[in-house]
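Grab a pencil and open the viewer. Below are a few exercises, each with a solution you can follow step by step.

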Amino acid sequence: MSIEATTGAGLTKDEMAEEVARLSTPDRLSTPFGDFEFFDGVPEPNSVQTIFDGLDLVRGITAFLNTIPGASLVAMRHGLRIAGVDSPDKIAFTDPKCNSGALWLTPNTETTYGVAFLDLLAWGPTVIEAPPQALGVVDDFWFRYVADMGIAGPDKGAGGKYLFLPPGYDGERPDGYYTYESPTFTNFVVIRALGGVPSILQSRIYRLSDAAAPPENTFVNIADQVFNTIHSNDFSFFDEVAELVAEEPAAALDPERAGTLAALGIAHGVPFAPDEHRRGILDDAARIGAGMARANLYRPRNPESYRWDGSSWKEGFVGGSYEFLNDGARNLDARTLFHYAATVITPAMAHAQVGAGSAYIYTAQDADGALLDGAATYSLTIPPNPPAKNFWAFDLYDTQTRSLLQSTLYPALSSLGEGLQAEADGSYVLWFAPTAPEDKESNWIPTLPGKSWWPLLRLYGPLESWFDNTWRLPEIVRVSE
């Protein structure tokens with residue numbers, strides 16, 4: 001026996017017309033890229049180039065925002081090479097600490113850095129000996145996390161030997177090492193040690209093949225050198241990314257970002273040689289992308305970026321995931337925000353604990369929501385009992401370069417600093433102005449007329465009152481013009 005199905009009524013003529021209208025393109029479409037003209041849905045010949053120029057601009061902006069992490073490390077390597085750190089056996093360090101002479105993304109002025117680059121293509125398997133009580137991180141060339149060394153790593157601060165293998169390695173994996181395989185040949189190494197410079201100088205980097213008799217390393221003090229480690233915000237950005245793509249295996253980058261770059265002519269094994277027309281489009285894309293990144297950093301629209309309701313103080317690491325993942329989705333704005341302002345990625349940054357690690361907040365506005373003006377005078381009160389087990393530090397940065405503000409060698413104040421004056425209730429009043437307010441020199445950081453600035457508060461060993469929000473930092477107050 002057959003059963004006859006009940007058929008629907010279908011669409012009326014008018015309903016079908018509405019459906020067709022929704023899926024159709026008009027003969028003239030006004031866009032931010034110009035007017036697109038069509039004949040019954042087919043682009044007119046005079047519009048095809050305009051349409052593809054618009055597509056290149058969109059992809060260029062997308063590529064800029066999504067590949068900042070890689071461009072950042074290419075620029076970092078270039079800057080360190082200028083400073084004389086041009087081989088994995090050379091380790092840069094800052095003695096006594098970072099200052100405002102060179103351009104780095106938001107360095108702190110309180111701890112000594114050791115910095116190096118591994119070249120697993122030239123060297124093959126490479127060993128790093130981390131000193132005791134170190135805070136070391138290795139990231140791949142796309143600025144993705146590879147390993148922690150030291151206190152947050154498997155040696156737990158005792159010091160240890162770490163072995164890094166190149167992508168696709170199928171050779172010997174000897175015992176006695178904490179072993180990691182990186183997706184990229186080039187890897188970024190940062191070593192901070194609680195013991196300062198003497199501890200940094202205990203670090204060792206050498207080929208696994210030299211493990212029986214490791215050669216000495218060369219340590220280069222870069223503290224007073226002048227160089228730039230920050231990626232470009234114009235067409236040169238794409239040259240930086242192309243350099244990375246050319247060096248690393250095609251599989252080192254996820255297919256979506258690789259596809260976006262390939263559509264712009266940046267692909268492994270293919271020379272990047274855009275004509276002048278496309279160069280102009282990509283220059284526009286980088287500049288527009290940089291503007292978007294700056295809005296994302298200084299005025300983020302994600303409510304999770306803000307530390308407290310009604311406050312301008314913002315978190316630099318949004319979402320609590322070092323991979324910027326939320327329910328399986330990549331938080332693209334959080335990734336752009338972080339890498340446009342900072343360097344080094346590790347799970348330890350995303351999960352500060354009571355009394356361990358560090359916490360960070362920043363702003364770019366005063367109590368009235370106005371941008372911070374280097375010609376004006378401001379004050380900020382650090383309330384009593386700042387929630388820092390070890391110490392707190394307050395640094396000023398240049399809004400253009402995101403580097404230390406070049407108003408003085410060390411544009412910072414710290415609870416460890418000599419001469420910092422506390423109020424009777426245990427609070428601290430900090431001052432920011434081109435010249436020190438009368439009798440406030442000890443608590444003053446100079447600013448520069450004609451420039452904006454932005455501050456970042458670091459809490460080393462954040463305490464319970466930070467996590468339960470019972471301690472809150474007030475807004476910066478403009479005192480005078």
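**Exercise 1.** In which loop is P96 found? Also work out what kind of peptide bond leads into this residue from D95.

*Solution.* Keep in mind that you're looking at a predicted model.
- Step 1: Find β4 (90-93) and β5 (113-119); P96 sits in the loop between them.
- Step 2: Check omega for the bond from D95 to P96, which is near 10 degrees, so to speak of its type: the bond is cis.
- Step 3: Put that in context: most peptide bonds are trans.

**Exercise 2.** Which sign does phi have in T106 and in N469? Then decide for each residue: buried, partly exposed or exposed?

*Solution.*
- Step 1: Recall the usual case, a negative phi for most residues other than glycine.
- Step 2: T106 isn't a glycine, yet its phi is positive, about 35 degrees. N469 isn't one either, and its phi is positive too, near 65 degrees.
- Step 3: Locate them. T106 is in the loop between β4 and β5, while N469 belongs to the loop between α10 (464-467) and β24 (477-480).
- Step 4: Use the cut-off: buried means under 20% relative accessible area, and exposed means over 50%. T106 has 9%, so it's buried. N469 has 38%, so it's partly exposed.

**Exercise 3.** How are helices α7 and α8 oriented to each other, and which residues meet where they pack?

*Solution.*
- Step 1: Pick out α7 (residues 276-298) and α8 (residues 332-341); their axes are 9 Å apart, at an angle of about 95 degrees.
- Step 2: Angles of 65 to 115 degrees count as roughly perpendicular, and therefore α7 and α8 are roughly perpendicular to each other.
- Step 3: List the partners. From α7 come A290, A293, R294, N296 and L297, and they meet D333, T336, L337, Y340 and A341 of α8.
- Step 4: Sort the residues of this contact by type: 6 are nonpolar, 2 polar and 2 charged.

**Exercise 4.** Where does D148 lie, and which side chains make polar contacts with the side chain of D148?

*Solution.*
- Step 1: D148 is part of strand β8 (residues 145-150).
- Step 2: Its relative accessibility is 6%, so D148 is buried.
- Step 3: Look around it. Leaving out residues up to four places away in sequence, D148 touches several others, including G136, V137, Y162 and P347.
- Step 4: Now the polar contacts. The side chain of D148 pairs with that of Y145 at 3.0 Å and with that of T346 at 2.8 Å.

Conventions:
Residues numbered from 1 in each chain as written. Predicted model: local features only at pLDDT ≥ 70, side-chain atom pairs only at ≥ 80, totals over all residues. Heavy atoms only, no water. Axes fitted to C-alpha atoms, helices over the stretch in contact; angles between N-to-C directions. Helix = DSSP H or I, 4+ residues; strand = E, 2+ residues; numbered from the N terminus. Parallel < 35°, antiparallel > 145°, perpendicular 65-115°, else oblique. Contact = heavy atoms within 4.5 Å. Nonpolar A, V, L, I, M, F, W, Y, C, P; charged D, E, K, R; others polar. Buried < 20%, exposed > 50% of the residue type's maximum accessible area, 1.4 Å probe, protein only. Polar contact = N/O pair within 3.5 Å; in protein donor to acceptor, adjacent residues only side chain to side chain.
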